[in-house]
Amino acid sequence: MVAENPAPAPRAAADDVLEVACQEFVELVTEHLEGALPEPVDRAVRAHLELCDPCVVYLEQVRSTAAALRTLPLPTLPAAARERLLDVFTALHGDPAEGGTGSS
Amino acid sequence: MQQQPGLPAVVAAVREGGSDAQAELLGRLRAGDRQAFAELVDAWSGVLLRVALLYVSTRASAEEVVQDTWLAVIGQLDRFEGRSSLRTWVFRILENQARSRGSREARTVPWSTAFLPDGDGADGGPTVDPARFRGSEDRWPRHWTDAGLPRPWQPPPEEAVVAGEVRRELRTALAELPERQRTVVELRDVLGLTSEEVCERLGISAGNQRILLHRGRARLRARLEDVYRGARGEPDDGG
Ligand SMILES: [Zn+2]
């Protein structure tokens with residue numbers, strides 16, 4: 001048997017208590033991660049996450065997606081261009097090791 | 001030996017103008033600390049190349065813009081007054097270089113013209129298929145259905161063991177995003193710019209930036225979900 005959906009049954013909340021359902025959560029997830037939600041809404045989001053494992057999974061997947069993007073290779077300067085820049089830098093600003101260690 | 005080096009150059013370079021960390025880093029650079037300079041070049045050139053491509057049309061042009069930027073940094077280092085962070089200053093130089101180069105190339109900057117309210121998906125429908133949620137008459141209205149709920153990804157896609165196929169899919173999906181979503185996702189997630197930096201680069205509001213990031217990430221998440229669903233067990237079969 002499939003476990004019963006762990007989502008919480010909406011409680012008979014007082015009128016001024018915000019409740020967030022899963023379908024709303026998935027549209028608030030980025031603002032939640034960015035810390036951009038007004039505090040009462042963010043509180044409702046956190047309360048939802050306490051009780052809803054699938055939305056925790058969804059949140060983790062969004063985080064994972066961003067983290068996986070961070071592992072993609074970045075463009076780089078050609079090695080020769082990089083070396084040339086470092087040489088120009090040294091030519092203009094000197095070499096602190098010069099005369100001291102004699103390393104080359 | 002010089003004095004004990006303080007923070008890594010890339011860390012000190014984001015500290016605010018006038019801070020001790022900035023002063024220390026500037027001192028090292030002005031004294032010719034090649035390694036500190038190399039650290040900045042290696043850490044930032046990827047980001048600078050990507051930002052340059054907002055203004056110029058080819059990779060070769062972007063490379064030239066970035067090299068010219070670093071040459072300008074080298075040349076102006078002694079005159080930099082440290083009112084902003086070093087990173088902000090470098091970005092400003094890059095944008096000046098890229099802008100003048102871009103106008104020589106008569107490139108239309110997409111950001112100046114294309115940011116219309118409902119261009120490529122800043123507004124729009126839900127980011128998750130509504131069929132995955134229960135109806136409003138259900139006992140648990142708008143909660144996941146049993147079939148629709150997201151399943152954990154094992155192992156997660158950011159881990160090194162994950163097969164190249166997952167990353168390839170991610171790269172393909174990224175390339176297929178609408179341009180403004182792709183640009184924001186690249187700058188934020190691939191290149192690691194802060195939201196403030198992205199807003200400043202692109203001249204968009206924080207709210208618009210979040211919408212584009214949200215829609216872009218949601219599409220990429222859905223694509224990865226397809227990969228994990230379609231190839232259960234495959235991402236970690238290397239053993
Ligand atoms: Zn939920």
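A residue counts as buried when its relative accessible area is under 20%. Keep that cut-off in mind for the close-ups below, which all come from a predicted model.

**View 1. Four protein donors hold the zinc ion in chain A.** Take a look at who's involved: C22(A), C52(A) and C55(A) each offer their SG atom, while H48(A) offers NE2. These donors sit 2.0 to 2.3 Å from the zinc ion. The angles among the four donor atoms run from 105 to 113°, and the site is tetrahedral.

**View 2. The zinc donors are spread along the chain.** Read along the sequence and you'll find the spacing C-x25-H-x3-C-x2-C. Pick out C22(A) and C52(A): they are 30 residues apart, so this pair links distant parts of the chain. C22(A) belongs to helix 1 (residues 22-34) of chain A, whereas C52(A) is in the loop between helix 2 (39-51) and helix 3 (53-70). C22(A) has a relative accessible area of 0%, so it counts as buried. C52(A) is also buried, again with a value of 0%.

**View 3. S45(B) is a buried serine in a helix of chain B.** Its home is helix 3 (residues 34-52) of chain B. With a relative accessible area of 4%, S45(B) falls under the 20% cut-off, so it is buried.

**View 4. The side chain of S45(B) has polar partners.** One is the backbone oxygen of V41(B), reached at 2.7 Å. Another is the side chain of W70(B), with a polar contact at 3.1 Å. Leaving out residues up to four places away in sequence, S45(B) touches L40(B), V66(B) and W70(B), plus L77(A) from chain A.

Note on methods:
Residues are numbered from 1 along each chain as its sequence is written. Chains are lettered from A and ligands numbered from 1 in the order in which they are written. This is a predicted model: local features need pLDDT of at least 70, side-chain atom pairs count only at pLDDT 80 or more; totals for chains, interfaces and linings use all residues. Side-chain values use heavy atoms; hydrogens and water are left out. Donors are N, O and S atoms within 2.8 Å of the metal (3.2 Å for Na, K and Ca); water is not among the atoms, so sites may look incomplete. Four donors count as tetrahedral if all angles lie between 85 and 135 degrees; four count as square planar and six as octahedral if opposite donors are over 155 degrees apart and all others between 65 and 115; anything else is irregular. Helices (H or I, at least four residues) and strands (E, at least two) are DSSP runs, numbered from the N terminus. Buried means under 20% relative accessible area, exposed over 50%, partly exposed in between (1.4 Å probe, protein chains only). A polar contact is a pair of N or O atoms within 3.5 Å; within protein, one must be able to donate a hydrogen and the other to accept it, and residues adjacent in sequence count only if both atoms are side-chain atoms. Contact means heavy atoms within 4.5 Å.
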